[in-house]
Amino acid sequence: MPEPLTKDEINSETDPSVSKQWDESTPKDEQFKDLYKITDGLKSGLLTTIRPNVGPVSRSMAVAKRVGPDFLFLANNHSKKFEDLKQNKTAQITFQDSSNQNWVSISGEAVTTANDDPRIKQIYSKGVNAWFGDLGDGVHTGMPDDPRMTLIEVKANYISYWKSTSSSVGFIKEVAQASFTGDVANTGVNRQLLDKDIQQARDSGS
């Protein structure tokens, strides 16, 4: 239900759309389960790198595999994202589900590996070659042993996400009511996972 804006929120310069949905009470293991349910259901997101003299540059990427809080991608090492990562390892992954407005933002460091990384064959799936093409020389085939085929692993160090707690119809009604009454819409939970939380999840294999 929408909640009234308070004087304290004005005086403390608090964003009520965040504070009224902020969730620190849910156990971290449940927060990670909700996070994984969102990202695993979307399959692809925006991978952002930092380009010198430009700034953040994003492109849509399919997730090849998620390993706990970390994400693996297969990519063509001829693409400019690899030039970006040589200069700056900082990366961000964002996901958004338009059906319920769920979103996830993952900040971390990107690690790239050579083509002989055995994980490439493990996570390669049919259809990846459609984005590489086959030169017909027996080398540049778009298959796992193609020298262009490279692994990008984004190791998370900060995660924030918002999870809807209302249906699509409920979301619309909530926003409409808040707009009419002057209250603040409360349609989900906003959470953050810090580096220590992420490391604990990584160590526990969750």
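Two strands are said to pair if DSSP finds at least two bridges between them, and the strands themselves, like the helices, are DSSP runs numbered from the N terminus, with at least two residues (E) for a strand and at least four (H or I) for a helix. The structure above is a predicted model, in which local features need pLDDT of at least 70 and side-chain atom pairs count only at pLDDT 80 or more, while totals for chains, interfaces and linings use all residues. Residues are numbered from 1 along each chain as its sequence is written, and side-chain values use heavy atoms, with hydrogens and water left out.

Strand S6 is a good place to begin. On one pairing, S6 (residues 103–113) runs antiparallel to S5 (residues 90–96) over seven bridges, and Thr 90 stands opposite Glu 109 of S6. Six residues lie between the strands of this hairpin, where Gln 101 adopts a positive phi near 75°. S6 is also joined by eleven bridges to S7 (residues 149–164), again in the antiparallel sense, with Ser 107 placed opposite Tyr 158 of S7.

From the strands we turn to the salt bridges, each defined as a side-chain nitrogen of Lys or Arg within 4 Å of a carboxyl oxygen of Asp or Glu. The whole structure holds 15 of them. In one, the closest N and O atoms of Asp 23 and Arg 191 are 2.7 Å apart; this pair links distant parts of the chain, since Asp 23 sits in the loop between helix H2 (16–19) and helix H3 (28–42) and Arg 191 in strand S8 (residues 188–193), 168 residues apart. Accessibility is graded here as buried (under 20% relative accessible area), exposed (over 50%) or partly exposed in between, with a 1.4 Å probe and protein chains only. Asp 23 counts as buried because its relative accessibility is 8%, and Arg 191 is likewise buried because its relative accessible area is 5%. Arg 191 also forms a salt bridge with Asp 34, again with the closest N and O atoms 2.7 Å apart, and because Arg 191 lies in strand S8 and Asp 34 in helix H3, this pair ties together parts that are 157 residues apart in sequence.

A further salt bridge brings together the side chains of Arg 119 and Asp 117, at 3.0 Å from N to O. Here Arg 119 is partly exposed, with a relative accessible area of 25%, whereas Asp 117 is buried, at 12%. Through salt bridges that share partners, Asp 117 and Arg 119 belong to one network with Asp 70, Glu 153, Lys 155 and Arg 202.
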